[in-house]
Amino acid sequence: MAAGLPTPELLDADIDSAHRSYLSAVEHRRLRTFQCRPPAEYLYLDNRWLGSAGLLTLARLVEGGPVGRDGRDRSRMVIDPSLITALIDRWRPETHTFHLPCGEITPTLQDVSYLLGLPIVGEAVGLRVIGRTWMEDLEVRFAAFDRLDHLGALEAHPSTRGPSKKWLLQFQATNLHPDADDESVSRSFEAHLLWLFGFIMFKNGHGNTVDKIFMPYAREIADADEDQVPTWSWGSAVLAAMYRGLCDACIKDDDRARFQSCALLLQLWSYERLAVGRPIVDHSPYELQYYGDLEDDRPTIGTLWVCPRERTWTNEQARRTYPNFVAELDRLKADDVVWEPYSPQAVATRAPYGLLSWCTSNSGLRLTKTCLVYDIYVEAHCPDRVMRQFGYQQPFPVPRALDRISRGDHRYFTIHKILDLKSKVFHSVTEDVIFQCRLSRLGQPCSSTWVQKLKPYVDAWDEADEDVFEPIGDRTDEWYQHFLTWYQARTRIRVTYAETQQVAHEAMSTDTYTRHRDEALAG
C-alpha cells in the first residue's frame, strides 16, 4: 500500500496490493484488456438428450445460426473484452462482489437460472479422478464413429492435457453418416458436451483442450437412457467457476492475459443490469419462434441478447473502449442499475408465453449460504451482501467471502502463501507464475486425496436449500442510504486515478484517448 494510504476496511491488504484497481487508482498504471475469445466454430444441435440434462437452452444460446438483417450464419455469441475487463477491475475476491459507487452487486444463482437456464439443483460438480490411460480409452471409445464417407479416416488424438478441440470437432452432428448407429450418435453427443463444457461453461487456461474432469460427466449423460439422464447442479458449478475466474483475473495485468471463465454469463448479467456497453436490440416480446416443441426447449431472460435479432450500437458507443467503460462505472448511481430484472412483471413483458422451467424452479436455493463447488474449488456464495438485488433490505456489516471458508480449505490460502513468498523471497516471480502455481493443486496429483478433501462441501450442497439467509425486511431508500454511507467509506469505489492538482496536459501522438479529462474529473 502506498505511504499514508491504509487498506480500506472491506479489502485485504495482500490481495489489494496486486489488485487492478490499486494499480490504476493508486499507482496510476495504464491497464490492459483481457482476451475473451469465444469459439469460432458453429455447432448445430442434436437435442435429443440435452434438454433432459438441463443444458439445451444454454446450447441454444451459443449455437450457430442466422443473425441480423442479412441472415448470414455466424455464432450468436459476441464477447466484448473491454466491458469484461472493466467489470474485472471492480471485482473483489474478499467479498465475491463488484464494488461500485452505488454499492455491491454480483451474479448469483438467481442470475444463472434466469440468464442461462441452467439447473441449480442436483449433485455438486466435484472432482473426478481420471486414470492415466484416459487418452487411449477416449480413442478406443470413438474409434467406430460412423462419419460421412467423404471425410475419410479419423485423426489420431494429439498429446494434450485433455480432449483436444480439433479432435472433438470430427464428431459433430453434421459429420454423422445418415445411417449411423446409436453408438455413433451417443459419441457425437458426448463430443458436443465436452465442447460445451470446455469452451463455453468452464473455459480454462489449457488452450484448445477440455479439462479431463468433464470426461466422466459427458460420458454418463451420453450413455444414459433418455428417461434416466443424470442432472448435476451445473448452475452452481458455472457460478463457482466464474467467481474463480474473476478472482484470478483481478490481480493480472498482462498483454496475453485471458479471462478463464464463462464470459457469456458475465456479459449477459451486465447487459441485463447495467447500461454500460449494452447493445441496442428489439425489446418486443418473444415470439413463438423462440419456443421449441419440447418443454425443455424454451427461452430464458438472457435469450434477448443473443437471439437472431439485429444488434446495433450508437456511433458514440461503438467507438467507446475499455477506458470509457471504466469512467462510466466510476460514475454509476443506484438509479442507473436494474436491481430486480426478474420481477413477475418484467418476465411477463419479455416472455408472455413463459420461460424455461429451470429459470423459475427451486427459488429457495437462491439465498443459500452453502458454498459452491466446482472441481477442486470451493467458493463462498454471498447473496446477503447484495440483498437489494432480491428486493430486500441490505444488512450491514456482514461477513466477507474470506471469512466464510477456512483459509486451509479455500483456494485463497494459496494466493496469500504465494504472494507472501513473492514479497519476501522471490521478488522476480511474475503474476503468470502465481497463476500457474494456483492451478497446480500445490503439486499434489489429481487423486482420491482431493476427493476426500472436497467431500464435506459436496455433501453439504445436498442440503443447500435448508441453509439460507433470512431477509430482515423489504428495501427502503432511506435504509439503503444508511448502507451507502457505511459502505463507501470502507472500500475503493473508483478505479480512475484522481489528479488532485491541476496539471497541464501536453498532447502526444501516443495518447489513445483523452485520459487526462477523466482523471481531472475524478479529482
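## Salt bridges, a helix pair and a small set of strands

Arginine 475 has a relative accessibility of 30% and therefore counts as partly exposed, while aspartate 477, at 53%, counts as exposed. In this predicted model, the side chains of these two residues, aspartate 477 and arginine 475, meet in a salt bridge with an N to O distance of 2.5 Å. Elsewhere, salt bridges that share partners join Arg141, Glu183, Arg187, Glu190, Arg219 and Asp223 into one network.

The structure holds 24 salt bridges, and the table lists some of them with the distance between nitrogen and oxygen.

| Salt bridge | N to O distance |
|---|---|
| Aspartate 477 and arginine 475 | 2.5 Å |
| Arginine 404 and aspartate 384 | 2.9 Å |
| Aspartate 403 and arginine 400 | 3.4 Å |

Arginine 404 and aspartate 384 form a salt bridge, and this pair links distant parts of the chain, with both residues in the loop between β8 (377-379) and α16 (412-424) and 20 residues apart. Arginine 404 is partly exposed, with a relative accessible area of 24%, whereas aspartate 384 counts as buried because its relative accessibility is 6%, and buried means under 20%. By the same reasoning arginine 400, the partner of aspartate 403, counts as buried, since its relative accessibility is 14%.

### Two helices in contact

How do the axes of helix α6 and helix α8 cross? The axes of α6 (residues 134-142) and α8 (residues 182-201) come within 10 Å and cross at roughly 135°, so the two helices, α6 and α8, are oblique to each other. From α6, Leu138, Arg141 and Phe142 meet Glu183, Arg187, Glu190 and Ala191 of α8, and the residues of this contact divide into three nonpolar, no polar and four charged.

### Strands β3, β4 and β5

Strand β4 (residues 97-100) pairs with a strand on either side of it in the sequence, namely β3 and β5. Strand β3 (residues 91-92) runs antiparallel to β4 and is joined to it by two bridges, and tryptophan 91 has phenylalanine 98 of β4 as its bridge partner. The hairpin of β3 and β4 has four residues between the strands, and in this hairpin histidine 96 takes a positive phi near 60°.

The pairing of β4 with β5 (residues 103-105) is also antiparallel, over three bridges; leucine 100 has glycine 103 in β5 as its bridge partner, and the hairpin joins the two strands, β4 and β5, through two residues.

In a regular strand the side chains alternate between the two faces of the sheet. In β4, Thr97 and His99 point one way, Phe98 and Leu100 point the other way, and all are buried.

Methods
Residues are numbered from 1 along each chain as its sequence is written. This is a predicted model: local features need pLDDT of at least 70, side-chain atom pairs count only at pLDDT 80 or more; totals for chains, interfaces and linings use all residues. Side-chain values use heavy atoms; hydrogens and water are left out. A salt bridge is a side-chain nitrogen of Lys or Arg within 4 Å of a carboxyl oxygen of Asp or Glu. Buried means under 20% relative accessible area, exposed over 50%, partly exposed in between (1.4 Å probe, protein chains only). Axes are lines fitted to C-alpha atoms, for helices over the stretch in contact, and angles run from 0 to 180 degrees between N-to-C directions. Angles under 35 degrees count as roughly parallel, over 145 as roughly antiparallel, 65 to 115 as roughly perpendicular and the rest as oblique. Contact means heavy atoms within 4.5 Å. Ala, Val, Leu, Ile, Met, Phe, Trp, Tyr, Cys and Pro count as nonpolar, Asp, Glu, Lys and Arg as charged, and the others, Gly among them, as polar. Two strands pair if DSSP finds at least two bridges between them.
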